[in-house]
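Visitor: Could we go through this structure together, with the chain contacts and the salt bridges in view?

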Amino acid sequence: MSPHLPALPVVVPLLSALLITILGWSNRRLPFPIALVALTAGLLSALGLMKDVLARGVIGYNMGGWDPPWGIAYRVDHLNALVLVVVMAAALIGLIATRDRVKAEFEDRIVPFYTLFVLFVTGLSGILLTGDAFNLYVLLEIASLTGYALIGLGEGRAPLAGLNYILMGTIGASFYLLGVGYLYLMTGTLNMVDLAARLPGLYDSHVVALAFFICLTGLFVKMAFFPVHVWLPNAYSNASSAAGILIAPLTTKVMIYVMIRITLTVFTPDYAFDVLDIGDAVVWLSVIAIVMGSVFALAQNRLKRILSYIVVAEVGYMVGGFWLGNRAGITGSILHIVNDAAMTLCVFLAAGALLTRVPGDRLIHLQGLFRKMPVSMAALVVGGLSIIGAPPTCGFFSKWYLISGGIDAGHYGFVAALLFSSLVNVALFFRVFEIAYYEPFGADHGHDPRAHGASGREDAPAAMLAPLVVVAVLLVALGLYSGDLVSAIIQHAIPARII
Amino acid sequence: MESIVSLKPLAAVLVSILVVPLIIRSGNRPNLREGWTFAAAGIKFLIVASMVPAVLGGAKLELTIAQVLPGAAIAFRVDAFGLLFALVSSSLWIVTSAYSIGYMRGLDEHSQTRYFCFFALSLSATIGAAFSANLLTLYLFYEMLSFATYPLVTHHQDMEARSSGRKYLFYIVGSSIGLALPAMVYIYTVSGTLDFAAQGVMPASVPPAVLTALVLMLLFGFAKAGVMPFHSWLPAAMVAPTPVSALLHAVAVVKVGAFCVFRVLTGVMGADLLTGAGLGTLVCYIAAFTIIVSSLIALSQDGLKRRLAFSTIGQLSYIVLGAALLTPDGLTGGMLHIAMHAFGKITLFFCAGAIFVATGVKNISDMTGIGKRMPITMTAFFIGSLSVIGLPPCGGFISKWFLVMGTLEARQYAMLVVILTSSLLNAAYFLPIVYRAFFCTEEESKFDNRMGEAPLWCLVPLKLTAFISIILFLYPKPFLDLARLAVVQILGGP
Amino acid sequence: MSEFIDFFVGKYNYWAFILLMMIGLYAMIAKKNLAKKIIGMNIFQTAIILFYISTAAKGGGASIPIIAHGHGHGLSEHGARAADYINPLPHVLMLTAIVVSVATLGVALTLAVKVYHQYGTLEEDEIADRIRAQTGGEP
């Protein structure tokens, strides 16, 4: 494999953004294929990195050949290689699936849309790969800025939601920057490995603790952890369906990754779980996040808003599982990053598919959809079952590890919150299914099969259905292979001292 | 005891999943569509039946699908008990498919394609549960069955179906996620495995209070077993078309619940552990309570299907009781009751459906004199009643006999009284129906003397199951052999 | 008392940046006008930039890191003493941060313009009223 492999997932989308901008103005048909090639290359290099990491362990790479601490070091281990594959795969599938939607929704703005999207992916993969705390901030802002713009491009309330997202997002990023500043003050380095090496001597320092809390708070805002989640439901539910499909599965998951990276690699588990001893408090916060996210979801009457609040609850799953501080919990959290990305992609994609044929995503619009759009609804059912946590879909297995972690840690509040949220998810999804299952109560209701002939069937375009079906199948495949995923990859992503 | 790796269990599960696309494709050609159902049902039964010789020879057929958790795979293992249950379900699917055709076409029901699809899926889940090698796989198929039967329960898509569907989900899925799942994770956390083993997998270090909690969580968590107070989904589910009530809510679904409880008590907890902690007795009393109370409620029900539903709730607890007795005869009785009750109760449901198709009558009070109108149906009903009550010459007698022997063996004399009382109650709620159907004056009768049976597709299946109920009394050997072998496997004896 | 004065005066740069940050945060949270919120956001970001810059400073007459008298040969002849120069790294970092904050401001203003075109106002209450009027009271 090429020694420059770790740079490719960042560099290729970055260059493709340039290409799209230059070539796209002359030919409107070019941006999509360019983005497709770039993301395919990104996915392949991510898979290559994964293979290398599995074969050789951690890979280091110095951007531009500059050694740290002067240059920026990239560092690939099991954790970020895994999340990178997930991000690239989700982005690629989303890109393919939304082709028609983008054409329809952004007719004259195809070039900026795809430019922003590949830059968004650039930012995310940079966040994942970088081993430098300040570089992470810059890439965080690249991903965020493009995300704001992608959401703000939509119609209706999207610009307003985007603007509120900017305000919250900037607070989050600035807090992170501030935290990094304090760390730099105390240690004189920004390289994560160096930071980890120098921090143990400073465990008693209040400034280090402050730096950690400020970073964590900033990341909580960015990942939409209750109660600083308020930007997310509006942003995701009002975004155009294409932007929602592309962004929703990725942003929060990458932010969870950053939290895990900062806590495990920079501050070390000893510091986070033992010296500070805040695990219990954060898990309780996540209990509140899970419960409140679920309760708010119940109160919504639009499909995409329901899904958005479910994302908020799922963030609670991952944060809580991680801060349990034991192997099962952290395994569950990392596995849930993978699974939740796939699940969110599936349900948002299904919602997008439904929106091609119905006027809006209010629940009342969904009547009779099982008959009209059986494939899209079937995919939504699979996604829903996975979010509920029914085996053999992948959602069951991450929930299994999370519950197991909760029991190991003796944190029964967390276990109860997980079960509560599963039950609420049953109610949420079956409310949707029920409405879609029952016909509008019209005159022809009931016993005449000819009244709903094949002519009533009008599913989403095949270009959207095919990726949707792939994702739905993937949910089951991920479930069946979760044992391998955990034993081959995730176990190596967790420091050995955590049991 | 030898283990053979075999694809047969997987094939038995998959055959009815694979037939679904075919059913959908031929949705507008009903005869071809039902042909696919029959083909799948026939193949499934043959596959299941072909495993009998090997299993009776003492072997276990195994297949691991995916190692999803360390120590807990998605895996099949066919032992005598699972095979017994699979044999009952798969054979009755053939009969029910025939009955479905008569019933659904007789009433010109809508969405028949969907109906047959989900029926096939439900059967896959049932067989999967029967062949599960561990609690995880069992839970997987249990949940699959819950979701696959939801569209069947709510088939009529009216307000009543909607509220019943909600109740169904609330009880079944709510209890399995809220109770069974955490108990299962806990067991996995302390024991590191979920496999069914002869004397259970629980380490001795688990404190008795936790053990009690786990047993109760799993007993109520598998709410399909209908143990009170988690029973009221079953009467609600009676809004489904009658073939669904017949096969799923008298055989497949509810017995998967009882099967799960059986497996938990014998395979996860282990007979010795439970006896030692006195938990067998606790479960016995819970089951006894359900048996008596449900029979009393059944007495007051006028809707025929509702009365049958409450009867089912009571009969399911017989199976639970058999498991909780934890003695060889008790276990044998419990297992046999899965088979015997299935044939008896499905006959009764078939009759209820046939009456509805032929006359549109649902309530018992409107059935006075119906024996003259539908003599064959009501004769079958009488035979089914005898089997459920547990009187010779029907199969139900055999299983009840073993249960009674089991109570003596376990010295649970109170349970003996419960079983006998319940039998009397069963007679009290079934026999008046038969009596009033045949013996009434001309004035009392609500029907004229003209014969008018249900369509042949309905009639033949109920004759068949009634006939088998009698045969099972005369010749119980296949099921008895399997049950006896299963007891040996469960108790881990020689 | 003098300790207090030392504490406050000695770390005056921190107090200044905290004050600025709070002003920015206050504007972002409490103001109802979107333009004012955006201004608050910019103040907030600037406060952090100032914090970084102030950490680079050193006492004792350290100046900007440009080697004096050193036309090419200076380094090899005299050597450079770190204490003579302020820390350049925070400055470099903040160059990037300034770019980020300018970009953020740009995106925010663009969206604000879009919002203004849509609703004819930047006051949050009035926007909420208009949305309610459009959707008939539903969220």
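Guide: What follows is a talk about interfaces, a nonpolar core and salt bridges.

Visitor: What should I know about the numbering and the model before we start?

Guide: This is a predicted model, in which local features need pLDDT of at least 70 and side-chain atom pairs count only at pLDDT 80 or more, while totals for chains, interfaces and linings use all residues. Residues are numbered from 1 along each chain as its sequence is written, chains are lettered from A and ligands numbered from 1 in the order in which they are written, and side-chain values use heavy atoms, with hydrogens and water left out.

Visitor: OK, chain A and chain C: how many residues does the contact take from each?

Guide: Chain A supplies 35 residues and chain C supplies 38 residues, where contact means heavy atoms within 4.5 Å. The area buried between chain A and chain C is about 3100 Å², with 76% of it from carbon and sulfur atoms; buried area here is the accessible area (1.4 Å probe) that two parts lose on being put together, summed over both. On the chain A side, L163(A), L167(A) and Y184(A) lose the most area to chain C, together 18% of what that side buries.

Visitor: And how many salt bridges and polar contacts between chain A and chain C?

Guide: The rule finds 0 salt bridges across the interface of chain A and chain C, a salt bridge being a side-chain nitrogen of Lys or Arg within 4 Å of a carboxyl oxygen of Asp or Glu. There are 6 residue pairs in polar contact between these chains, both residues at pLDDT 80 or more; a polar contact is a pair of N or O atoms within 3.5 Å, where within protein one must be able to donate a hydrogen and the other to accept it, and residues adjacent in sequence count only if both atoms are side-chain atoms.

Visitor: Which elements of chain A give two or more residues to that side?

Guide: They are helix 6 (133-152) and helix 7 (158-187) of chain A, with helices (H or I, at least four residues) and strands (E, at least two) taken as DSSP runs numbered from the N terminus. Helix 7 of chain A gives the most, with 18 residues.

Visitor: Where does E141(A) sit, and is it buried or exposed?

Guide: E141(A) belongs to helix 6 of chain A, and with a relative accessible area of 1% E141(A) is buried, given that buried means under 20% relative accessible area, exposed over 50%, and partly exposed in between (1.4 Å probe, protein chains only). Leaving aside neighbours within four places in sequence, E141(A) is in contact with Y148(A), A173(A) and K222(A), and also with Q45(C), V100(C) and T104(C).

Visitor: Switching to chain B and chain A, what does that interface look like?

Guide: The contact takes 41 residues from chain B and 33 residues from chain A, and the area buried between them is about 3200 Å², of which carbon and sulfur atoms give 70%. The count between chain B and chain A is 1 salt bridge, and E434(A) forms a salt bridge with R166(B), the closest N and O atoms being 2.7 Å apart. Across this interface there are 5 residue pairs in polar contact, both at pLDDT 80 or more.

Visitor: How many salt bridges over all chains, and which of them involves D361(A)?

Guide: The structure holds 16 salt bridges over all chains, and the side chains of D361(A) and R302(A) meet in one of 3.0 Å, N to O. D361(A) lies in the loop between helix 16 (327-355) and helix 17 (369-372) of chain A, and R302(A) in the loop between helix 14 (279-298) and helix 15 (303-323) of chain A, so the pair ties together parts that are 59 residues apart in sequence. Both D361(A) and R302(A) are buried.

Visitor: What about D481(B) and K477(B)?

Guide: Their side chains meet in a salt bridge of 2.6 Å, N to O. D481(B) and K477(B) are separated by about one helical turn because they are 4 residues apart in helix 20 (residues 477-491) of chain B. D481(B) is partly exposed at 27% relative accessibility, and K477(B) is partly exposed with a relative accessible area of 45%.
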